[in-house]
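Visitor: I'd like to learn how to read a two-chain model. Could you walk me through it?

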There are 2 protein chains.
Amino acid sequence: MVNPERYFKSLYNLQQTRIEKILKNTLNERKPSSLYAPGAYILNNPGKRLRPLLVIFSANAVRGNYKNAYNAAAAVEILHNFTLVHDDIMDNADKRRGLLTVHKKYDVNTAILVGDSLLSIAYELLLKDLTTQVKDVVTTFNNCVIRVCEGQSLDKEFELRKSVSIEEYLDMITKKTAAMTEMSCKIGAQIAGGSNAEIKGLSNYGKYLGIAFQIQDDLLDITGDENDFGKVIGGDLLEGKKTFVFLHALRLAKGKQKQELLGIIKNKGIKPYKIPHFRRIYENLGVLDLSRAEVRNYLKKAIDSLHSITNPMGKEMLVVLANSLLNRAK
Amino acid sequence: MVNPERYFKSLYNLQQTRIEKILKNTLNERKPSSLYAPGAYILNNPGKRLRPLLVIFSANAVRGNYKNAYNAAAAVEILHNFTLVHDDIMDNADKRRGLLTVHKKYDVNTAILVGDSLLSIAYELLLKDLTTQVKDVVTTFNNCVIRVCEGQSLDKEFELRKSVSIEEYLDMITKKTAAMTEMSCKIGAQIAGGSNAEIKGLSNYGKYLGIAFQIQDDLLDITGDENDFGKVIGGDLLEGKKTFVFLHALRLAKGKQKQELLGIIKNKGIKPYKIPHFRRIYENLGVLDLSRAEVRNYLKKAIDSLHSITNPMGKEMLVVLANSLLNRAK
């Protein structure tokens, strides 16, 4: 019998290789190089390539021909990179996956234009192999772009606001992060000719997976290992970000602890030596355990959404993928 | 008998009103307002709305039902505004059509995100009424976005280069400016079910019209009336821009005049009091007359491209439109 975890890993590696190849070829030989060399710089910096994998696995889960989904899968990764380039300008971020961000390596003008260009190249790849369902697939993809912009706008707005509710936070990450994993699964199912029930189920799987992923990200910021995570531990506290963990801490804290947490908002961050102190506050308030439970809760919702999927191995791969996120360190 | 010029004006006004209405309604009631209020700010600042008119007139020219083209026409105008918002950041422009640019009224981050968002809203409107030819129309629209990014990249690259040939300049404006008028005509014809010959003819009409429009813009910068033109006369000289007029002057000048023109590149512009001096150099070299002749030449090419159009009044409207550009003051 096939071991699902081992099968998943070999499939993941195989698909990653194929996606990398498309990503490498897409910007090759395009002119002017003042535009496409910086585009290739960000695209060739390898990430997890999680979103294209969701497209392929979803196409496979509805027993469809997932060969037609490769260019769409690469399109989703390029769309993701468009958001990274523009978000990094807005966040004034110096590094991304260990390399200089596009606007630091080149300049802000180049990064704006490279982002715009990547978005248009993403649509080109999406359209490439589409024969049927063109309007549905492009609409799904484009609605995602609209929502991601709305989510990013909310995120920047929350940075300036005194208070943000947990509901508002969840709405924001549903748009900024989960809209893209939801769309990835949905277009995979649409391209491969899934039934309405399958498309709906896979969309929900992607949405809940995305929410779990973001809460996990907020958690790893304070509990992760710096070498594994690839970012400074406690970075969100340093910047005074209103994360899932922070907002729950603020909700539960009383007296002096509450004042200290409010001080983070007021001062727009803390000094590095204070990170262990706030980590202890988080632990005492139980918000790390609470957040871990929420990650498990959303992953369970994701897996439960797969009840309409009848392809057993296709479904199993999505379950393994969801569970692998629970144990991720980066 | 109908007077074509008067009929054109009444049609233009009628279509403008309809386009304005769609543009006004599109961002209404969308949230968050931190994103859509700045988007509405730029969209509601009325421009010529030339590009949407090209969509409608092209649909009409192939005897198609142009009612299906209104949302696509508005999509083209929104796409145009996306490019204005991002270009204004890159050019560090303070004003646009008499109002503060988005990044000056709000900030650069907002303007980046508003541009991204307008682009995604443009695709939404484009898709709205499409029933047939979906892949063809979206591909035409998207190829235009790709080319506009390439053209803008070349334009920024040329600012830094010591020398640019007239051929390179024409390639740049064919991408940056003419790709959008070409696309506007092409999707109008595609949506209305035009024949391949009609689609090709209208595409060429739009392309040559766009090139003429840009050369005219370069001319008006030095020959226009400040009140009509809405920009500072001689602004391109102040910034040392390598325009059609400037590059031809550089080609024809000799001796001291050539050194003076090369000095503009070297010093990245001139002082305002020098503008009349360089205008005289342009006149002596004959490059203003040469540029006027090129505008007429490209407009003739545009009109000649309409030979496949059999709808007489539809064709006449496009001819009147082309000739009206010849006499424009802004």
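Visitor: How many residues of chain B are in contact with chain A?

Guide: Two residues are in contact if their C-beta atoms, placed from the backbone, lie within 7 Å. Here 32 residues of chain B touch 32 residues of chain A. Keep in mind that this is a predicted model: local features need pLDDT of at least 70, side-chain atom pairs count only at pLDDT 80 or more, and totals for chains, interfaces and linings use all residues. Residues are numbered from 1 along each chain as its sequence is written, while chains are lettered from A and ligands numbered from 1 in the order in which they are written.

Visitor: Which elements of chain B give two or more residues to that side?

Guide: Helices are DSSP runs (H or I, at least four residues), as are strands (E, at least two), numbered from the N terminus. On chain B, the contributors of two or more residues are H2 (33-43), H4 (70-90), H6 (108-128) and H7 (134-160). H7(B) brings the largest share, 14 residues.

Visitor: How are the two copies related?

Guide: Superpose them by least squares on the C-alpha atoms of residues with pLDDT of at least 70 in both. Chain B lands on chain A after a 180 degrees rotation with 0.0 Å of shift along the axis, RMSD 0.0 Å. The copies are therefore related as by a two-fold rotation axis. Both use the same surface, as 100% of chain B's contact residues recur in chain A.

Visitor: And what does chain A contain in helices and strands?

Guide: Chain A has 16 helices and 2 strands. Its C-alpha atoms fill a box of roughly 60 × 50 × 35 Å along the principal axes.
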